[in-house]
Amino acid sequence: MRIDVVTLFPEWVSQLEQFGVVGRGLRESRLELACWNPREAADNASGRVDDRPYGGGPGMVMQAPPLAATLERVRAARNDSVPVIMPSPQGAPFDQARAQQLAEGSGFVLVCGRYEGIDQRFVDAYVDMELSVGDVVLSGGELPAMMIIDAVARLLSGVLGDSRSATQDSFMNGLLDHPHYTRPPTFAGRDVPEVLLGGDHARIARWREKQALGATWRRRPDLLARCTLSDEQKALLEAYIAEQADVSGPADGSYD
Ligand code: SAH
C-alpha cells in the first residue's frame, strides 16, 4: 500500500514514521508514505497558496491551481489510480468499516485543507471522497489524515505484532471491546475478575463476549441496534442485563 499526503506541513505528517506500530510498518516498508507540499507548486516566489475569499468574509481559502498541480505530480509518481480523499467536517463519518474498505485497496491520496478550507472547484474536480473524523472543527486536515492513516495501517498484515489484535478490537464485529487486565492482580482495592485467572479458555471467551455485549448495550445502543445477535449472544446479554439490574452507572459511559 502507498499513501500520498498533500499538506502544508509535510514534516509533521512524516513523523508517523517514528512512532509505534505504524512507524515500524513504514520503516519495514509494509506501507509507503509520501508527503507533498503544495507550496512547491505555487506560481509565486513566496510559495503562497491561499487567498482571500470571493464574496468577502473572514479567513483565507486554499487556492485550486497549486493543489491540482501537486495532485498531477502525485499521479505521475504512482502507477495506479487511487481515490483522492479530503478530510472535511462535511464528509461522511470515518469509521472502522471505512478503514477496512481502504485497507483492502492499494492506497489513496489525502489532501489536507487549512484556513477556511479549499476552493470548491478543486473539490468538485478532483476529490472522490470527503471524510469527517467527528462533529468538531480542527484547524487543518493533518490530524484527520494521520488518524485515517493510522487506522488503515494497523489493519495491514504484519503491522500489528499479533494480527488477532485487530480482529478483536472495538467495532470489528459491530461491538465495543471487552475490558482488559494485566498485572498486578490487585490495584486500588480492585481484583482482576476471577474468571481471567482460571485458565478455562472457553469460560474466558464467554465472559469477554458478555462484557463486550454489555459495554455496547450500556454505552452504544445505536451499535447494538445494527447487530444481528446469535442466540448465544442474546442469552449472554440477557444475563449481563440481569446482573446489572441493581448497579447504577451512567448509561452512556460518561463519568461526569
Ligand atoms: N470552514 C470549514 C472548516 C475548515 S477547517 C467548515 O466549517 O466546514 C480546515 C480544514 O481542517 C478542513 O479543510 C479539513 O481538511 C480539516 N478539518 C477540520 N475539521 C475536520 C473534521 N472534523 N474532520 C475532517 N477534517 C477536518
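1. A polar contact here is a pair of N or O atoms within 3.5 Å; within protein, one must be able to donate a hydrogen and the other to accept it, and residues adjacent in sequence count only if both atoms are side-chain atoms. By that rule, a polar side-chain atom of Gln-90 sits 3.1 Å from an oxygen atom of the ligand.

2. The model is predicted: local features need pLDDT of at least 70, side-chain atom pairs count only at pLDDT 80 or more, and totals for chains, interfaces and linings use all residues. Residues are numbered from 1 along each chain as its sequence is written, and side-chain values use heavy atoms, with hydrogens and water left out.

3. On the ligand site: 19 residues surround the ligand (near means that a heavy atom of the residue lies within 4 Å). The closest are Pro-87, Glu-116, Gly-134, Val-136 and Leu-138. Backbone atoms take part too. An N or O atom of the Val-133 backbone lies 3.1 Å from a ligand nitrogen atom. For Gly-140, a backbone N or O atom is 3.4 Å from a ligand oxygen atom.

4. Next, the sheet. Helices (H or I, at least four residues) and strands (E, at least two) are DSSP runs, numbered from the N terminus. Two strands pair if DSSP finds at least two bridges between them. An open sheet of 5 strands results, in the order S2-S1-S6-S5-S7, with parallel pairing. S2 and S7 (129-132) stand at the edges with a single partner strand each, so one side of each has no neighbour in the sheet. On average, neighbouring strands are turned by 35° against each other, direction ignored. Axes are lines fitted to C-alpha atoms, for helices over the stretch in contact; angles run from 0 to 180 degrees between N-to-C directions.

5. S1 and S6 run parallel and are joined by 5 bridges. Ile-3 has Phe-108 as its bridge partner in S6. H3 packs on this sheet, touching S1, S2, S5 and S6, and its direction makes about 160° with that of S1.

6. What does H3 bury? Its buried residues are Ala-64, Pro-66, Leu-67, Ala-68, Thr-70, Leu-71 and Val-74. Buried means under 20% relative accessible area, exposed over 50%, partly exposed in between (1.4 Å probe, protein chains only). These residues pack against several elements, including strand S4 (61-62) and helix H5 (120-126). Contact means heavy atoms within 4.5 Å. H3 (residues 64-77) has 14 residues and reaches 20 Å between its end C-alpha atoms, close to the 20 Å expected. The expected span is 1.5 Å times one less than the number of residues.

7. H6 (residues 142-153) lies across S1, S2, S5, S6 and S7, at about 165° to S6. Its end C-alpha atoms are 16 Å apart, in agreement with the expected 16 Å. Of its 12 residues, 9 are buried, so H6 is largely enclosed by the rest of the structure. Among them are Glu-142, Pro-144 and Met-146.

8. Asp-4 deserves a look. Asp-4 is in strand S1 and counts as buried because its relative accessibility is 0%. Its side chain makes a polar contact with that of Arg-78 (2.9 Å). Not counting residues up to four places away in sequence, Asp-4 touches Ala-34, Trp-36, Val-74, Arg-78, Phe-108, Val-109 and Leu-110.

9. Is Gly-91 buried or exposed? Buried, at 18% relative accessibility. Gly-91 is found in strand S5. Outside four places in sequence, Gly-91 touches Glu-130, Leu-131 and Ser-132.
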